Amino acid sequence: MEQLIYKLKAIRLSGMTRQLDIRLQEAASHELSYLDFLKNLVDDEITIRKDRLLNRRFKQAAFPYVKTIDDFDFSFNPSINKQLIKKLATTAFVAKLENILFIGPPGVGKTHLAVAFGMEAIHKGFTVLYRSIFDITADINRYQNDLMSVFLKPQLLIIDELGMKNLSTQTNEILLEIIHRRYQRASTIIATNRPIEDWGSIFGDNATASAILDRFLENVHFLKINGKSYRLKNTKQKMIDSNT
């Protein structure tokens, strides 16, 4: 038994190693055939590997928090197109190399939905990276020569909080290159509180904004969200609870 476990570990079959004792007891008590016993062990290994891959991809995605579509309160802002949200949550848009643009004031759920789409995409087998505009600014100094590979590799890139920070010329150029090189090669979600008409001032250059929009909007799902702030709702509720 110990020698078998050693050999399984040597060929990196840790899922089988972990479940071997349980499967042996199961096989004996249920009088399973050798084939069924082996099948169950192989299933254990596949399950362990899938879980590890999911955990690794969730870690690599760098989501700010865990959110799902089921967590989203559609009733709070009934003007939100629930049918379209549910359709996009299937993440078929990633396979089709399509983009999503969220526009709306702070607190209406843009980040929640973007993260939820990203999490679902990982479950469907896609690679994802979440970066806020603040993260991207820091990444420029952190990754330097490897920056483009970081942003071009994921099948879904989420750029959040565009318009929340004045961008340097260098950041503008890098964003343009990212979107240009992902064009028709991979999907991108952008979430912003600024209307398209303001993008010239966001990037400090109308020509840069036009170049980004020209590529990004060619194959995009546009989601404009208006309504009340979920964050303010939660803050008010906490204040009520603290006074009761």
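Reader: How buried is strand 3, residues 156-162, and why can it be called largely enclosed?

Author: Happy to start there, with the reminder that this is a predicted model. A residue counts as buried when its relative accessible area is under 20%. In strand 3, six of the seven residues meet that description, so the rest of the structure largely encloses this strand.

Reader: Which strands does strand 3 pair with, and in which direction do they run?

Author: Strand 2 is joined to strand 3 by five bridges, and the two run parallel. Strand 4, residues 187-192, is also joined to strand 3 by five bridges, again in parallel. To find the pairings by eye, look for L129, whose bridge partner in strand 3 is L157. Then look for L156, which stands opposite S187 in strand 4.

Reader: Let me pick I190 in strand 4. Is I190 buried or exposed?

Author: Here is a general idea to keep in mind: along a regular strand, side chains alternate between the two faces of the sheet. As for I190, its relative accessibility is 2%, so it counts as buried. I190 and N166 lie 24 residues apart in sequence, and their C-alpha atoms are 16 Å apart in space.

Reader: Now the pockets, please. What lines the second largest pocket?

Author: The general idea is that rolling a probe the size of a water molecule over the atoms shows where empty space is left. Here, the second largest pocket has a volume of about 250 Å³. Its lining is made of R57, Q60, T127, V128, L129, V150, K153 and P154. Helix 3 (34-61) and strand 2 (128-132) each supply at least two residues of that lining. You have already met L129, the bridge partner of L157.

Reader: How do the residues of that lining divide by character?

Author: Four are nonpolar, two are polar and two are charged.

Reader: Last topic: how many aromatic pairs are there in the whole structure?

Author: A pair of aromatic rings is described by the distance of the centres and the angle of the planes. A search of the whole structure finds five such pairs. One of them joins F72 and F74, with 4.9 Å from centre to centre and 70° between the planes. Planes over 60 degrees apart count as edge-to-face, so the F72 and F74 pair is given that name. Both F72 and F74 are buried.

Reader: Which residues form an aromatic cluster?

Author: F93, F102 and F117 form one. While you are looking at rings, try Y65 too: the charged end of K67 sits over its ring, 5.5 Å from the centre.

How values were computed:
Residues numbered from 1 in each chain as written. Predicted model: local features only at pLDDT ≥ 70, side-chain atom pairs only at ≥ 80, totals over all residues. Heavy atoms only, no water. Phe/Tyr/Trp six-rings, centres within 6.5 Å; stacked < 30°, edge-to-face > 60°. Buried < 20%, exposed > 50% of the residue type's maximum accessible area, 1.4 Å probe, protein only. Lys NZ or Arg CZ within 6 Å of the ring centre and 35° of its normal. 1 Å grid on protein atoms, 1.4 Å probe; cavity = no way out; pocket = protein on both sides within 12 Å on 5 of 7 lines; lining within 4 Å. Points joined across faces, edges and corners; volume = space filled by probe spheres on them. Helix = DSSP H or I, 4+ residues; strand = E, 2+ residues; numbered from the N terminus. Nonpolar A, V, L, I, M, F, W, Y, C, P; charged D, E, K, R; others polar. Pairing = 2+ DSSP bridges.
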